Amino acid sequence: MMIDLALLPLYLTTVVALLLIPGPDMLLIASSSLSYGKKVGVYASFGNATSGLILTLLAAMGVSAVIAMNPMALEVLRVLGGAYLLKMGWDCMRSSAAEAPEIEQQNNLAKLLYRRAVVSNLLNPKALIFFVLFLPQFVSTQLTASSGEQMLALGLLLNVMGLVFNLLLVALVGTVGKPLLKNEKFRTYQNKFMGMIFFVLAIWLLASQVQNIS
């Protein structure tokens, strides 16, 4: 057994509560779905899940804790993350008026948002600290599995629940926003809208204070 069944109900309840709190990931996925449709939102969701799996592995191996205890490393991550988001915002703002993308263009756009979701989350020091502080709270001394194995199992469960939640969000936002994608005026400014979202995320990250856990 990799997860203590006595702690599982509390863990699941906590994860659900955390997923319902609006954050940068939710904003990026929702805005991607609204601006470019469900397919792009799905790819952004899988990008977020991919970064979550990487952070889970780092946390299980203890690498995240080492980074999280280094103030300089956290600051570098914060600045790099903010700079990356600013660049993404600038690229979107520079784009010409959007036309309805062809199938090939949709595939390229979906892959681009996947990569952006992965990188933006990995460069967010708060995401790294979250895994370091959150998962160990549910590691049990009653199990024979090591703390690393338990954190891996807990992290995988968290990522599966997060992916399901995000896909439901994509379905909802994508359905509600579908008429917008047929609106000529919105299509003209959809890249600009996405650029503003990246700028908001950049300011959100750069203005935040990240504390190490030492």
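Two aromatic rings of Phe, Tyr or Trp are counted as a pair if their centres lie within 6.5 Å. In this predicted model, a search of the whole structure yields 5 aromatic pairs.

One of these pairs joins Y11 and F134. Their ring centres are 5.7 Å apart and their planes meet at 25 degrees, so the pair is stacked, the cut-off for stacking being under 30 degrees. The two residues come from distant parts of the chain: Y11 belongs to helix α1 (residues 8–20) and F134 to helix α7 (residues 125–134), with their positions 123 residues apart. Y11 is buried, at a relative accessible area of 0%, and F134 is buried as well, at 6%.

A further pair is formed by F130 and F131. Here the ring centres are 5.5 Å apart and the planes stand at 85 degrees, so the arrangement is edge-to-face, a class that requires an angle over 60 degrees. F131 is buried, with a relative accessible area of 6%, whereas F130, at 28%, counts as partly exposed. These residues belong to one aromatic cluster, which consists of Y11, F130, F131, F134 and F138.

Attention now turns to another aromatic residue, F46. F46 is located in helix α3 (residues 38–61) and is partly exposed, its relative accessible area being 37%. Leaving aside residues up to four places away in sequence, F46 touches Y114, L163 and L167. From F46 to I29 the C-alpha to C-alpha distance is 9.8 Å, at a separation of 17 residues in sequence.

Technical notes: Residues are numbered from 1 along each chain as its sequence is written. This is a predicted model: local features need pLDDT of at least 70, side-chain atom pairs count only at pLDDT 80 or more; totals for chains, interfaces and linings use all residues. Side-chain values use heavy atoms; hydrogens and water are left out. Rings of Phe, Tyr and Trp (its six-membered ring) pair if their centres lie within 6.5 Å; planes under 30 degrees apart count as stacked, over 60 as edge-to-face and the rest as tilted. Helices (H or I, at least four residues) and strands (E, at least two) are DSSP runs, numbered from the N terminus. Buried means under 20% relative accessible area, exposed over 50%, partly exposed in between (1.4 Å probe, protein chains only). Contact means heavy atoms within 4.5 Å.
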